[in-house]
Amino acid sequence: MTGWSSSSSYSTSSPSLSSLTASNIEHIIPITLDMETVQYSTWAKLFKVHARSNRVLNHIIPSSAAKVPTTNEEKDEWSTIDATVLKWIYGTISGDLLNTILEPASNAQAAWERLRDIFQDNKSSRAVTLEQEFSNTSMEDFPNASVYCQRLKMLADQL
């Protein structure tokens, strides 16, 4: 199990399954990550805050201090919580990204890392594209100055 340290014992301080499944992820992370608007940094920050507040951050970013599940019950709980975190990831990304990262028997950490690699491995080429898009953005293409400024701000934030 990725993310578990074999040197420590499993702790019962894990989140309750009912509290995790009760979360409506679309209300917590109100943006859908996609390749067009590329708000990876914002999406990742919101996702990490949500994961941390539910005590499941170790499912996407393993800690050396993470506890190892030892019993079958603990392993089942870990697996169920991981599947919930994976559902959160899948529920906050576009269909195209979902098709790109979806793999059989995946876990939350693997999906998280695939998304990170998609958006951070091509930083240089993405920056060039964003700079070009920023330079070619014209106010005539927008219904008003507010929408135009929002678009420029979004591009600047991505840069």
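**Figure 1. H59 lies in the loop that connects α3 and α4.** The coordinates shown here and in the following views belong to a predicted model. H59 is buried, because its relative accessible area is 3%, below the 20% limit that defines a buried residue. Apart from residues up to four places away in sequence, H59 touches W78, I81, D82, V85, A108 and Q109. Three of the elements in this view thus recur in the legends below: α4, which spans residues 72–91, α6, which spans residues 108–120, and α3, which covers residues 40–53.

**Figure 2. The axes of helices α3 and α6 cross at roughly 155°.** Two packed helices are described by the angle between their axes and by the distance between those axes. For this pair, the axes come within 11 Å. The crossing angle makes α3 roughly antiparallel to α6, and α3 passes α6 in a left-handed crossing. On the α3 side, the contact is made by Y40, W43, A44, F47 and K48; α6 contributes W112, L115, R116, F119 and Q120.

**Figure 3. The surroundings of W43 include residues from distant parts of the sequence as well as members of the α3–α6 contact.** When neighbours within four places in sequence are set aside, W43 is in contact with I29, I31, L33, T92, I93, W112 and L115. Of these partners, W112 and L115 also belong to the α6 side of the contact between α3 and α6.

**Figure 4. The largest nonpolar core comprises 26 residues.** Within this core, W43, F47, I89 and L115 touch the most other members. The elements that supply two or more residues are α3, α4, α5 (95–101) and α6. The greatest contribution comes from α4, which gives six residues. W43 and F47 are also part of the α3 side of the helix contact with α6, and L115 is part of the α6 side.

**Figure 5. The protein chain as a whole contains eight helices and zero strands.** Along the sequence, the pattern reads α-α-α-α-α-α-α-α. Of the 159 residues in the protein chain, 36% are buried. Among contacts with a separation of 6 or more, 66% join residues 24 or more positions apart. The protein chain exposes about 9300 Å², and carbon and sulfur atoms supply 51% of that area.

Conventions:
Residues numbered from 1 in each chain as written. Predicted model: local features only at pLDDT ≥ 70, side-chain atom pairs only at ≥ 80, totals over all residues. Heavy atoms only, no water. Core = buried A, V, L, I, M, F, W, Y, C linked by side-chain atoms within 4.5 Å. Buried < 20%, exposed > 50% of the residue type's maximum accessible area, 1.4 Å probe, protein only. Helix = DSSP H or I, 4+ residues; strand = E, 2+ residues; numbered from the N terminus. Contact = heavy atoms within 4.5 Å. Areas by Shrake-Rupley, 256 points an atom, 1.4 Å probe, with all protein chains shown as cover. Axes fitted to C-alpha atoms, helices over the stretch in contact; angles between N-to-C directions. Parallel < 35°, antiparallel > 145°, perpendicular 65-115°, else oblique. Left-handed = near helix turned anticlockwise from the far one by under 90°.
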